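Visitor: I would like to take a close look at a single part of this molecule, and I would be glad of a connected account rather than a list.

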Amino acid sequence: HRGDNMIKGIGTDILEISRMNKLVDNIKFMLSYYTDNEISYISERPNRAESAAAMFSAKEAAAKAIGTGFSGFGPKDIEITHNEKGMPSIVLHEKAEKAAKRRGIKIMHLSMSHCRMYATAYVTAEGDDN
């Protein structure tokens, strides 16, 4: 609990990385699910399928934390970015941003992880009590 913010939602997701092995080379899938910035990030990684799977899980977890799932917006409205040290964060766009604002969500915290077989993500949404 920080300041006047309270937890507005949580979300988690897990994905088998093997599901992403072929999809990461499918341009149509990548363009429909990931932003241009995310595609650039994934393409630069030595473990593209693992990175894509972790980001996929992060988008799913964020949609769950907003409380709607992907209802009323698409996966590209949730963008996963990384700072210079590699720390991930969530940037909401368009309808996902509007859905979060309606619920009073001001900030989302993201943790992602992966091993050889699975990628997982956990999101906590904080905001005003409304």
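In what sense, and over how many bridges, do S1 and strand S5 (residues 118-127) pair?

Guide: In this predicted model, S1 and S5 run in the antiparallel sense and are joined over 10 bridges; within S5, Tyr122 is the residue that Thr12 stands opposite. The two strands belong to an open sheet of 3 strands, whose order is S1-S5-S4 and whose pairing is antiparallel. Because strand S1 (6-16) and strand S4 (105-114) each have a single partner strand, they stand at the edges, and one side of each is left without a neighbour in the sheet. On average, and with direction ignored, neighbouring strands here are turned by 15 degrees against each other. Packed on this sheet is helix H4 (residues 48-66), which touches S1, S4 and S5 and whose direction makes about 145 degrees with that of S1.

From the sheet and its helix one can turn to the largest nonpolar core, which has 36 residues, and in which Met20, Tyr34, Ile66, Ile78, Ile90 and Met108 touch the most other members. At least two residues of this core are supplied by each of several elements, including H4, S4 and S5, as well as strand S2 (78-82) and strand S3 (88-92), while the largest share, 12 residues, comes from H4. Ile78 gives a detailed view of such surroundings: leaving aside its neighbours within four places in sequence, Ile78 is in contact with residues including Lys59, Ala62, Ala63, Ile66, Phe70, Phe73 and Ile90.

Terms used
Residues numbered from 1 in each chain as written. Predicted model: local features only at pLDDT ≥ 70, side-chain atom pairs only at ≥ 80, totals over all residues. Heavy atoms only, no water. Pairing = 2+ DSSP bridges. Helix = DSSP H or I, 4+ residues; strand = E, 2+ residues; numbered from the N terminus. Axes fitted to C-alpha atoms, helices over the stretch in contact; angles between N-to-C directions. Contact = heavy atoms within 4.5 Å. Core = buried A, V, L, I, M, F, W, Y, C linked by side-chain atoms within 4.5 Å. Buried < 20%, exposed > 50% of the residue type's maximum accessible area, 1.4 Å probe, protein only.
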